[in-house]
Amino acid sequence: MNGFVDLQVNGYAGLDFNSDQYDDQLVIDICQRLKGEGVDTILATVITAPMETMLARISRIADLIEQHPDVRATIGGIHVEGPFISPDPGYVGAHPPTAVRAANDSDTKKLLDAGRGHVRLVTLAPEMDAGAQVTRTLTDQNIVVAAGHSGATLDQLNESIDAGLKLFTHLGNGCPHMQPRHDNIVQRVLSVTDRIAVTFIADGHHVPPFALKNYFRAMPDENIIIITDAISAAGLGPGTYRFAHQTVEVDEDRSAWAPGREHYAGCATTMPQMVDVLESKLGIPPETSLRWMRDNPARLLA
């Protein structure tokens, strides 16, 4: 594996995996384009929606993987982000709160059955998973479990880690703007980064570069993973785009805003562009960027 491994791609260059209609050929073309931009593997990401909608979207991606070799060569699996996340404002982010639900074995089985063995990663909020039961169930099936869109306590995080939690999804995002000074989700996660990996959106917008540098200094190199959280606007330019249930406005600087501009909704920055951000704004050497964008995520999926 020589190229980037992106664990969170909601869409790309006009393709939205959270849409209910798109052509097979568009997906094939996007996969070929990603290869040309140095991306070896992605996880196609389906976010929170009504359960039947999520099941249909997951099944559609599974069909594409199974039917098209060019797709299978790029889409290494499915990342299910939700619906077992916090419904609280800030934590829920761009996900529709009305579709959020507590983690349970019945819905988990439905999601996995729809994926037909292609679900590789599930993001949930530990506080929505009583006794870390679903985390344990997924781990037993060799599916990577990440915490995210979560205000979990330190005890809840540690309980989930003991049950198999391996990752935290896009730290510094999917959380409220205003939080307690010391005891907050960012500090709690940083305190356990010797036990789990953490993904970051390195577009220069989701987390300011100076804060990213602080996060990187605070945790082991082998547990740092860069993702794009890309939406259909990625690789295109400024404009208005669809992402799942909402319209997203992308600025000249590639920041992607949800309606009302209260928070970001995915990302319009590509992996090569994130390399530029890491190198130009944080002084990260190319070999380090490659570890964070290829070696570390590949090891997590191995």
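The following is a conversation between a biologist and a modeller about a predicted model.

Biologist: In what order do the 8 strands of the open sheet stand, and which are the edge strands?

Modeller: The 8 strands follow one another as β1-β4-β5-β6-β7-β8-β9-β10, and their pairing is parallel. A strand at the edge pairs on one side only, and that holds for the strand at residues 4-9 and for the strand at residues 224-227. The edge strands are therefore, as pairing on one side only defines them here, β1 and β10.

Biologist: Which residue of β6 is the bridge partner of His79?

Modeller: Strand β5, at residues 75-81, pairs with strand β6, at residues 119-124, in the parallel sense and over 4 bridges. Within this pairing, the partner that His79 has in β6 is Leu121.

Biologist: Which residue in β7 stands opposite Val122, and are the residues on the two faces of β7 buried or exposed?

Modeller: The strands β6 and β7 pair in the parallel sense over 4 bridges, and the residue of β7 opposite Val122 is Val145. Strand β7 covers residues 144-147, with Val144 and Ala146 on one side and Val145 and Ala147 on the other. Both faces of the strand are covered, and these four residues are all buried.

Biologist: At the other edge of the sheet, which residue of β10 is the bridge partner of Thr199?

Modeller: Strand β9, at residues 197-201, pairs with β10 in the parallel sense over 4 bridges. From β10, Ile224 and Ile226 point one way while Ile225 and Ile227 point the other way, and all of them are buried. The partner of Thr199 in β10 is one of these residues, namely Ile225.

Biologist: Which helix lies across β4, β5 and β6, and at what angle does it run to β5?

Modeller: Helix α1, at residues 24-36, lies across β4 and β5 and runs at about 135 degrees to β4. The helix that lies across β4, β5 and β6 is found at residues 51-67. This is α2, and its angle to β5 is about 175 degrees.

Biologist: How do α4 and α5 pack, and what is the distance between their axes?

Modeller: Helix α4, at residues 105-115, passes helix α5, at residues 133-140, in a right-handed crossing. Asp105, Thr108 and Leu112 of α4 meet Gln133, Val134, Thr137 and Leu138 of α5, and by class the contact has 3 nonpolar, 3 polar and 1 charged residues. The two helices pack at an angle of about 30 degrees, and their axes are apart by 10 Å.

Biologist: Which helix gives the most residues to the largest nonpolar core?

Modeller: The largest nonpolar core has 90 residues, and those with the most contacts inside it are Leu7, Ile75, Phe200, Phe216 and Ile226. With 7 residues, the helix that gives the most to this core is α2.

Biologist: What does Ile226 contact, leaving aside its neighbours within four places in sequence?

Modeller: Ile226 belongs to β10, where Ile224 points the same way. Leaving aside neighbours within four places in sequence, Ile226 is in contact with Val5, Phe200, Ala202, Phe216, Met271, Met274, Leu278, Trp292 and Met293.

Biologist: Why does Thr269 count as buried, and what is it in contact with?

Modeller: Thr269 is found in the loop between β13 and α9, and it counts as buried because its relative accessibility is 0%. Once its neighbours within four places in sequence are left aside, its contacts are Asp203, Thr228, Ala234, Arg254 and Met274.

Biologist: Is Asp113 buried, exposed or partly exposed, and how far apart in space are Asp113 and Pro238?

Modeller: Asp113 is found in helix α4, and because its relative accessibility is 44%, it counts as partly exposed. Asp113 and Pro238 are 125 residues apart in sequence, and from C-alpha to C-alpha their separation in space is 38 Å.

Biologist: Arg116 and His170 have positive phi values; which of these residues is buried?

Modeller: Arg116, in the loop between α4 and β6, has phi near 50 degrees, and it counts as partly exposed because its relative accessibility is 36%. In the loop between β8 and α7, the other residue has phi near 30 degrees. Its relative accessible area is 3%, so the buried residue is His170.

Biologist: Which peptide bond is cis?

Modeller: The bond has omega near 5 degrees, and its proline, Pro83, is found in the loop between β5 and α4. The cis bond runs from Gly82 to Pro83.

Definitions and conventions
Residues numbered from 1 in each chain as written. Predicted model: local features only at pLDDT ≥ 70, side-chain atom pairs only at ≥ 80, totals over all residues. Heavy atoms only, no water. Contact = heavy atoms within 4.5 Å. Axes fitted to C-alpha atoms, helices over the stretch in contact; angles between N-to-C directions. Left-handed = near helix turned anticlockwise from the far one by under 90°. Nonpolar A, V, L, I, M, F, W, Y, C, P; charged D, E, K, R; others polar. Core = buried A, V, L, I, M, F, W, Y, C linked by side-chain atoms within 4.5 Å. Buried < 20%, exposed > 50% of the residue type's maximum accessible area, 1.4 Å probe, protein only.
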